[in-house]
Amino acid sequence: MSLRIVQLGSQRKDNEGLRIGTVRRPPRGVAKENFSSQNWYDVWYPALAPSAETMKLGQQATDEAAWQTFEKHFRREMKQTEPARTLELLAKLSHTAQFSMGCYCDNEARCHRSILRSLLTEHGALFAPD
């Protein structure tokens, strides 16, 4: 049992389990009934996506200092009650269930999912090998 951090829309891996979309908006131009079959996500959970204002910081981050500003803002958002409880729950579930979560970004290093990976690690999540 374990958790994977994935790029939404990518080919699913064997035993990936339920795919959770931690994005602010659904994929454009895709009918809702096709989200799962086209490997976007099975469940949409925008509570773990950056706010619109914070997302702008990430999209505009062209250097390390700007990225660190984005990370600081996003981590602050994830300390709020609902996201913090969700992270704790997902970390614990990763020890008993197989599931994945992710975002659309091509580069995980410059995507909020890299920060989610770090936060989940801090909560004791169990990750599947890549």
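Here are some questions and answers on how the helices pack and where one salt bridge sits in this predicted model.

Q: How do you know how confident the predictor is in this chain?
A: Look at the pLDDT: the chain averages 96, and 100% of its residues reach 70 or more. Among the elements, H1 has the lowest mean, 95, and strand E2 (residues 18–21) the highest, 98.

Q: Why are H1 and H2 called roughly antiparallel?
A: Helix H1 (residues 52–59) and helix H2 (residues 64–78) pack at about 155°, axes 8 Å apart. Angles over 145 degrees count as roughly antiparallel, so that label fits H1 and H2. Their crossing is left-handed.

Q: What makes the contact between H1 and H2?
A: H1 brings Thr54, Met55, Leu57 and Gly58, while H2 brings Trp67, Phe70, His73, Phe74 and Glu77. Sorted by class, that's 5 nonpolar, 3 polar and 1 charged residues.

Q: Why are H3 and H4 described as roughly perpendicular?
A: The angle between helix H3 (residues 81–93) and helix H4 (residues 112–122) is about 70°, and their axes are 9 Å apart. The roughly perpendicular range runs from 65 to 115 degrees, so H3 and H4 get that name.

Q: Which classes of residue make up the contact of H3 with H4?
A: On the H3 side you'll find Leu87, Leu90 and Ala91, and they meet Leu116, Leu119 and Leu120 of H4. The tally for this contact is 6 nonpolar, no polar and no charged residues.

Q: Why do H2 and H4 count as oblique?
A: H2 and H4 pack at about 50°, with 11 Å between their axes. Roughly parallel needs an angle under 35 degrees and roughly perpendicular needs 65 to 115, so H2 and H4 end up as oblique. This crossing is right-handed.

Q: Which residues meet where H2 packs on H4?
A: From H2 come Trp67, Phe70, Glu71, Phe74, Arg75 and Met78; from H4 come His112, Ser114, Ile115, Leu116, Ser118, Leu119 and Glu122. By class, the contact has 7 nonpolar, 3 polar and 3 charged residues.

Q: How do you know that Asp42 and Arg12 form a salt bridge?
A: Their side chains come to 3.0 Å, N to O. The cut-off is within 4 Å, so the pair qualifies. The structure holds 7 salt bridges.

Q: What makes Asp42 and Arg12 a tie between parts apart in sequence?
A: Asp42 lies in the loop between E2 and strand E3 (43–44), and Arg12 in the loop between strand E1 (3–7) and E2, so their salt bridge links parts 30 residues apart in sequence.

Technical notes: Residues are numbered from 1 along each chain as its sequence is written. This is a predicted model: local features need pLDDT of at least 70, side-chain atom pairs count only at pLDDT 80 or more; totals for chains, interfaces and linings use all residues. Side-chain values use heavy atoms; hydrogens and water are left out. Axes are lines fitted to C-alpha atoms, for helices over the stretch in contact, and angles run from 0 to 180 degrees between N-to-C directions. Helices (H or I, at least four residues) and strands (E, at least two) are DSSP runs, numbered from the N terminus. A crossing is left-handed if the near helix is turned anticlockwise from the far one by less than a right angle, and right-handed if clockwise. Contact means heavy atoms within 4.5 Å. Ala, Val, Leu, Ile, Met, Phe, Trp, Tyr, Cys and Pro count as nonpolar, Asp, Glu, Lys and Arg as charged, and the others, Gly among them, as polar. pLDDT is the predictor's confidence in each residue, from 0 to 100.
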